[in-house]
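Got your viewer open and ready? Let's take a walk through this model, one selection at a time.

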Amino acid sequence: MPEESFQERTEQATPRRREEARNQGQVARSSELCSVAILLAGLLALSGLGAYMYRALAQFTTRMLTDGFTIQLDLANAPAYILDWAGLTTQVAAPLIIVLAAVALLINFAQVGAIVTGKPLEPKFNRISPLSGIKRLFSARGLVELIKGLFKIAIILYITYLTIGGEAANYIRFLDMEVGQIFAVSGELVLKLGYRILLAMLVLSVLDYAFQRWEFEKNLRMSRQEIKEEFKQQEGDPQVRARVRSLQREMARRRMMEDVPRADVVVTNPTHLAIALRYDPKEMAAPQVVAKGQRLMAQRIKEMARQAGVPLVEDKPLARALFKAVQVGDTVPEELFKAVAQVLAYVYQLKRRKW
């Protein structure tokens with residue numbers, strides 16, 4: 001298989017790769033979904049707050065027109081009038097602004113969660129390079145964006161044609177209406193058109209968000225070699241880790257062999273297994289395995305036991321059971337108490353005879 005095939009990005013991104021991309025500000029986010037959600041929220045807010053905003057604006061306009069001829073502006077009273085007008089303007093616009101800001105925060109949080117990073121704001125030459133801009137303009141992504149834009153324009157024009165054309169028969173009634181009624185009917189028509197366009201755009205923006213997630217996952221994919229390199233960076237070189245494990249095993253064996261002379265008895269198979277047991281009634285609730293080994297290690301344990309004067313007792317069933325059931329440093333399980341007690345009793349009896 002050629003080497004470049006190994007570099008194909010066919011593997012899902014690792015959690016570390018995703019975290020690095022997130023720290024760089026690279027997330028799956030649809031700006032169109034944000035825009036449509038904000039516009040739809042604004043339209044809904046206008047539908048609900050329109051009457052309140054109309055009354056507030058009407059009162060403000062009436063006040064300005066009636067009091068405007070009597071107001072005497074000078075350096076002394078100008079700040080008071082400016083604060084008053086700013087307060088009235090804020091009273092009208094604040095509810096709409098709060099709704100739009102809340103929806104903007106919620107829709108962005110729903111897409112990418114909480115993320116704070118300044119990486120996207122860092123200056124990069126390719127962002128201001130005319131050559132890079134031309135390449136992006138005529139790239140595959142630029143072509144996709146162009147097609148998306150033309151398709152959205154076509155959808156908006158079609159919906160506008162259907163909505164306005166469907167109300168064409170009612171336009172003749174405007175001749176018998178007063179100005180206020182014409183504004184009310186026109187406002188209803190504009191709201192209906194706005195809702196239809198935004199609902200269509202909402203469907204398209206949801207599809208765009210799905211596309212952005214798919215493209216993001218595709219760009220985030222990794223090759224097998226990249227995954228291996230990342231694993232090496234996180235876990236260390238496999239050869240180094242193998243060497244460390246080898247040293248750890250060697251140190252554990254060394255400590256184990258140092259404990260053999262402290263054992264009370266070594267139970268053997270007799271040639272394949274050796275298990276060294278130690279029991280101190282004052283310190284232990286049950287006998288403890290201080291060393292065990294098979295084949296060459298068993299021979300080393302027996303040789304060290306002979307040099308230290310530790311008795312060797314041949315008991316094949318007990319040796320096999322202890323080797324399978326107990327690790328070095330653990331106590332003997334309850335089901336083997338009786339067999340071990342018999343061996344220890346035999347050893348203590350031998351020691352008393354020697355004395």
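What follows is a tour of some helix pairs and then of two nonpolar cores.

Before you click anything, keep in mind that this is a predicted model.

**Stop 1: helix 6 and helix 7.** Select residues 140-166 for helix 6 and 179-220 for helix 7. Two packed helices are described by the angle between their axes and the distance between the axes. Here the axes come within 10 Å and cross at roughly 160°. Angles over 145 degrees count as roughly antiparallel, so helix 6 is roughly antiparallel to helix 7. Their crossing is right-handed. Now show side chains: on helix 6 the contact includes Phe-151, Ile-155, Ile-156 and Ile-159, while helix 7 brings in residues including Leu-189, Leu-193, Ile-197 and Leu-204. Try colouring by residue type, and you'll find ten nonpolar, three polar and seven charged residues in this contact.

**Stop 2: helix 2 and helix 7.** Keep helix 7 on screen and add helix 2, residues 31-67. How closely do the axes of these two helices come, and at what angle do they cross? They come within 9 Å and cross at roughly 155°, which makes helix 2 roughly antiparallel to helix 7. This crossing is left-handed. Among the helix 2 residues in the contact are Leu-33, Val-36, Leu-39, Leu-40, Leu-43 and Leu-44. Across from them, look for helix 7 residues including Tyr-195, Leu-198, Leu-202 and Tyr-209. Colour by type again: 13 are nonpolar, three polar and two charged.

**Stop 3: helix 1 and helix 7.** Swap in helix 1, residues 15-23. Its axis and that of helix 7 come within 11 Å and cross at roughly 115°, and the crossing is right-handed. Which residues touch here? Pick Arg-17, Arg-18 and Ala-21 on helix 1, then Glu-217, Asn-219 and Leu-220 on helix 7. That gives two nonpolar, one polar and three charged residues.

**Stop 4: the nonpolar cores.** Clear your selection and go to Val-265, one of the residues with the most contacts inside the largest nonpolar core, which has 18 residues. Others with the most contacts there include Ile-275, Leu-277, Leu-318 and Val-340. To see where this core comes from, show strand 1 (265-268), strand 2 (273-278), helix 11 (316-325) and helix 12 (337-354), each giving two or more residues. Now zoom in on Val-265: beyond its neighbours within four places in sequence, its contacts include Ile-275, Val-310, Pro-311, Val-343 and Val-347.

To finish, select Met-257, Ala-274, Ala-298 and Ile-301, which are among the 14 residues of a second, separate core.

Methods. Residues are numbered from 1 along each chain as its sequence is written. This is a predicted model: local features need pLDDT of at least 70, side-chain atom pairs count only at pLDDT 80 or more; totals for chains, interfaces and linings use all residues. Side-chain values use heavy atoms; hydrogens and water are left out. Axes are lines fitted to C-alpha atoms, for helices over the stretch in contact, and angles run from 0 to 180 degrees between N-to-C directions. Helices (H or I, at least four residues) and strands (E, at least two) are DSSP runs, numbered from the N terminus. Angles under 35 degrees count as roughly parallel, over 145 as roughly antiparallel, 65 to 115 as roughly perpendicular and the rest as oblique. A crossing is left-handed if the near helix is turned anticlockwise from the far one by less than a right angle, and right-handed if clockwise. Contact means heavy atoms within 4.5 Å. Ala, Val, Leu, Ile, Met, Phe, Trp, Tyr, Cys and Pro count as nonpolar, Asp, Glu, Lys and Arg as charged, and the others, Gly among them, as polar. A nonpolar core is a set of buried Ala, Val, Leu, Ile, Met, Phe, Trp, Tyr and Cys residues joined through side-chain atoms within 4.5 Å. Buried means under 20% relative accessible area, exposed over 50%, partly exposed in between (1.4 Å probe, protein chains only).
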